[in-house]
Amino acid sequence: MQGAKSFEISKQLVWEAYQRVKANRGSAGIDNVSIMEFEEHLKDNLYKIWNRMSSGCYFPPPVKLVEIPKSGGVGTRPLGIPTVGDRVAQMVAVLMLEPQVEPYFHEDSYGYRRNKSAQDAISKARQMCWKLDWVLDMDISKFFDTIDHELLMKALGRHTDCKWVLLYIERWLTVPYEKKDGTRIAREKGVPQGSVIGPLLANLFLHYAFDEWMRINHPDIPFERYADDSICHCKSQSEAISLKKSIQERFSQCKLELNETKTKIVYCKDSNRKGNYEIIAFDFLGYGFRPRGAKSKQGKYFTSFTPAISRGAKKRMGEKMREWQTNQWVPFKLRDIARQINPILQGWINYYGKFYPSALKGVLQRVNGHLARWARQKFKRLRHKKTQTIYWLGNIARGNPRLFAHWKWGVMPAACN
């Protein structure tokens, strides 16, 4: 039966794609069908996807458009949410295409790749900032929204001649957005953020637009790239200025544009590099790189150019904490609150606690403030006694220091110190 189809796509590949989508979770698309609802008719739904893809008649439904706030807090960016079924179909293509392109990607491309992470990129950036004096911190203007489809398909053609992969990627690239009111927005360029196949396509595009071009034209200038977030390390200010101009010309050829407001040239100032320059800090993947006080193994204090949690990340953490309405916690016991917020706290600790952890500990101390506020609202005897509440919380922390993730990490209430 399968041999009679236009394309050979195994049912096992569709099943594996579904397992990946399920593991990644995610919300419903325009059909409002969740993963749980999709599973109610799992066999039929997967067969339908396999049958249509194998026959060449799979047409992706519109992508649900959601506007989410930008990390800087100003404006929004579009997030495209495909249906669960379409996410499975896209994952089928990813599983087919990824092994064909992954071996060609640059070693310092870290985004959306197996066995590579944002922390790997930050670690490498830290090393290179210690070694070289200048950084070109780049920001590509509206990258995901401006990827040229013709150039992207040309890049794809270098790595695969699989007809069904090329056919469906072309369809996914042009599928419209659909707004809440049902209005559809045609798309002639760009890759939706939120799609399953988008990260792989974006990586492939920048592999040729930037990574490979850098390897050929500027082989002595190291860089780290995570998706569209990139920094380059230069020996001198003049080299950084020249590189910026060269990259602008290259991006123009690829129909991309540097954001002039956010792109900057940074001096990596520390105890050994004492030049006076206006810009001595930049943000990369949620970490702020700048001169910071440090202590050597010999006990000597010095200034190091090193990363720690950025101001923007601290602000987002504070906003998340403010969402915790302590008055709504009043019916709960402390262990119930711990169960609710520990996954969030542990995620922050795992990511932002790796480099210069003392900066994160100051932010996490605010969590103890929220817990103290809960206690004053819950117990009448503590209602107007802030100091007594802190000592009460401290006693609990001493008796059960593993209750909260930040306590376990050493961020105890002030009364414990």
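**Exercise 1. The β6–β7 hairpin**

Which residue takes a positive phi in the hairpin of β6 and β7? Work out how the two strands pair.

*Solution.*
- Step 1. This is a predicted model: local features need pLDDT of at least 70, side-chain atom pairs count only at pLDDT 80 or more, and totals for chains, interfaces and linings use all residues. Residues are numbered from 1 along each chain as its sequence is written, and side-chain values use heavy atoms, with hydrogens and water left out.
- Step 2. Find the strands: β6 covers residues 223-226 and β7 covers residues 229-234. Strands (E, at least two residues) and helices (H or I, at least four) are DSSP runs, numbered from the N terminus.
- Step 3. Check the pairing. β6 and β7 run antiparallel, joined by four bridges. Two strands pair if DSSP finds at least two bridges between them.
- Step 4. Match the partners. Arginine 225 stands opposite serine 230, and tyrosine 226 stands opposite aspartate 229.
- Step 5. Look at the turn. Two residues lie between the strands, and alanine 227 has the positive phi, near 55°.

**Exercise 2. The other side of β7**

Which strand pairs with β7 over six bridges? Then state how covered β7 is.

*Solution.*
- Step 1. The partner is β3 (residues 134-139), in the antiparallel sense.
- Step 2. One facing pair is aspartate 137 and isoleucine 231 of β7.
- Step 3. β7 is mostly covered, with five of its six residues buried. Buried means under 20% relative accessible area, exposed over 50%, partly exposed in between (1.4 Å probe, protein chains only).

**Exercise 3. A four-stranded sheet**

What is the strand order of the open sheet of four strands? Name its edges.

*Solution.*
- Step 1. The order is β2-β1-β4-β5, and the pairing is mixed.
- Step 2. β2 (76-81) and β5 (184-185) are the edge strands, each pairing on one side only.
- Step 3. β1 (residues 63-69) meets β2 in the antiparallel sense through six bridges.
- Step 4. Within this pair, isoleucine 68 has arginine 77 of β2 as its bridge partner.

**Exercise 4. Two bent helices**

Where does α4 bend, and where is the kink in α13? Compare each helix with its expected span.

*Solution.*
- Step 1. Take the rule: the expected span is 1.5 Å times one less than the number of residues.
- Step 2. α4 has 18 residues and should span 26 Å; its end C-alpha atoms lie 25 Å apart, which agrees.
- Step 3. α4 bends by about 30° at leucine 95, with proline 99 following within four residues. The bend at a residue is the angle between axes fitted to the seven residues ending there and the seven starting there.
- Step 4. In α4, 15 of the 18 residues are buried, so this helix is largely enclosed by the rest of the structure.
- Step 5. α13 (residues 334-352) has 19 residues and reaches 25 Å from first C-alpha to last, close to the 27 Å expected.
- Step 6. The kink in α13 is about 50°, at isoleucine 341, shortly before proline 343. Among the buried residues of α13 are Ile341, Asn342, Leu345 and Trp348.

**Exercise 5. Arginine 113**

Is arginine 113 buried or exposed? List what surrounds its side chain and backbone.

*Solution.*
- Step 1. Arginine 113 sits in the loop between α4 (84-101) and α5 (118-131).
- Step 2. Its relative accessible area is 9%, so arginine 113 is buried.
- Step 3. Leaving aside neighbours within four places in sequence, arginine 113 contacts Glu102, Phe105, His106 and Asn203. Contact means heavy atoms within 4.5 Å.
- Step 4. The side chains of arginine 113 and glutamate 102 share a polar contact of 2.6 Å. Such a contact is a pair of N or O atoms within 3.5 Å; within protein, one must be able to donate a hydrogen and the other to accept it, and residues adjacent in sequence count only if both atoms are side-chain atoms.

**Exercise 6. The cores**

Which residues touch the most other members of the largest nonpolar core?

*Solution.*
- Step 1. A nonpolar core is a set of buried Ala, Val, Leu, Ile, Met, Phe, Trp, Tyr and Cys residues joined through side-chain atoms within 4.5 Å.
- Step 2. The largest core holds 70 residues; Met53, Trp164, Ile169, Cys232 and Ile247 touch the most other members.
- Step 3. Helix α9 (residues 198-217) gives the most to this core, 11 residues.
- Step 4. A second, separate core has 51 residues, including Val266 and Phe282.
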